[in-house]
Amino acid sequence: MEDDEPSQSTLQDLLVDEEQMNEELLTNLLADYVGIGSNSGSLVPTPAFEELTAKQQITVVLLAQRARHELDMVESEQLTPSEISEESGIKTGTIYPTIRELEEEDVAVGNDGSYHIPPYNFTKAKQLIRGDA
């Protein structure tokens with residue numbers, strides 16, 4: 001007699017490795033727009049980065065900072081507006097209102113004048129970068 005019952009699912013089937021998922025998402029998000037210098041840790045923008053809006057570029061820079069932090073290339077996952085300007089070439093006069101917009105849209109999180117994108121906002125960041133937002 002054949003067993004026609006479907007296999008039983010358990011709550012254990014829902015468990016995932018968040019770090020691996022976040023790393024894969026971060027890699028997929030950044031690969032088209034920037035590389036990271038293996039020796040210097042500097043961001044190396046691709047031509048596609050230049051085609052992004054300032055808001056999208058700032059999002060990419062903040063995500064790249066997270067990647068550099070995960071790679072132990074920098075101490076903090078956060079950047080100040082001045083540091084974002086240095087990394088992106090965007091003038092600080094554009095960064096301040098744009099970073100506030102990213103905060104209001106719950107993409108970036110600010111802490112004492114520094115900003116980052118936490119893993120729970122990676123999907124929102126992806127939608128913004130890909131133009132789905």
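The legends below accompany close-up views of a predicted model of one protein chain.

**View 1. Overall composition of the protein chain.** The predicted model shows a protein chain with 6 helices and 4 strands, and from the N terminus on these elements follow the order α-β-β-α-α-α-α-β-β-α. The chain has 133 residues, of which 36% count as buried. Among the contacts with a separation of 6 or more, 54% are made by residues 24 or more positions apart. The surface that the protein chain exposes amounts to about 8500 Å², and carbon and sulfur atoms supply 46% of this area.

**View 2. The crossing of helices α4 and α5.** Helix α4, which spans residues 81–88, and helix α5, which spans residues 92–104, have axes that come within 9 Å and cross at roughly 120°. Because this angle falls in neither the parallel, the antiparallel nor the perpendicular range, α4 counts as oblique to α5. The crossing in which α4 passes α5 is right-handed. On the side of α4 the contact is made by P81, S82, I84, S85 and S88, while α5 contributes T92, I95, Y96 and I99. By residue class, this contact of α4 with α5 comprises 5 nonpolar and 4 polar residues, with no charged residue taking part.

**View 3. The crossing of helices α3 and α4.** The axis of helix α3, which covers residues 54–70, and that of α4 come within 10 Å and cross at roughly 95°. An angle of 65 to 115 degrees counts as roughly perpendicular, and α3 is therefore described as roughly perpendicular to α4. In this contact, I58, V61, L62 and R68 of α3 are joined by I84, E87 and S88 of α4. The residues that make the contact of α3 with α4 divide into 4 nonpolar, 1 polar and 2 charged.

**View 4. The packing of helices α3 and α5.** Helices α3 and α5 pack at an angle of about 75°, and their axes lie 10 Å apart; the two helices are therefore roughly perpendicular to each other. The residues of α3 that take part are A54, K55, I58, T59 and L62, and those they meet in α5 are T94, I95, T98, I99, E101 and L102. Sorted by class, the residues of the contact of α3 with α5 comprise 6 nonpolar, 3 polar and 2 charged. I58 and L62 of α3 also belong to the contact with α4, and I95 and I99 of α5 belong to the contact that α4 makes with α5.

**View 5. The surroundings of Q65 in helix α3.** Q65 is found in helix α3, and its relative accessible area of 4% places Q65 among the buried residues, because buried means under 20%. When neighbours within four places in sequence are left aside, the contacts of Q65 are with V74, S76, E77, Q78 and L79.

**View 6. The surroundings of R66 in helix α3.** R66 likewise lies in helix α3, and with a relative accessible area of 14% R66 is buried. Leaving aside the neighbours of R66 within four places in sequence, R66 is in contact with L26, E77, P119 and F122. E77 is thus a contact of R66 and is also listed among the contacts of Q65.

How values were computed. Residues are numbered from 1 along each chain as its sequence is written. This is a predicted model: local features need pLDDT of at least 70, side-chain atom pairs count only at pLDDT 80 or more; totals for chains, interfaces and linings use all residues. Side-chain values use heavy atoms; hydrogens and water are left out. Buried means under 20% relative accessible area, exposed over 50%, partly exposed in between (1.4 Å probe, protein chains only). Contact means heavy atoms within 4.5 Å. Accessible areas come from the Shrake-Rupley method with a 1.4 Å probe; for residues, only the protein chains shown count as cover. Axes are lines fitted to C-alpha atoms, for helices over the stretch in contact, and angles run from 0 to 180 degrees between N-to-C directions. Angles under 35 degrees count as roughly parallel, over 145 as roughly antiparallel, 65 to 115 as roughly perpendicular and the rest as oblique. A crossing is left-handed if the near helix is turned anticlockwise from the far one by less than a right angle, and right-handed if clockwise. Ala, Val, Leu, Ile, Met, Phe, Trp, Tyr, Cys and Pro count as nonpolar, Asp, Glu, Lys and Arg as charged, and the others, Gly among them, as polar.
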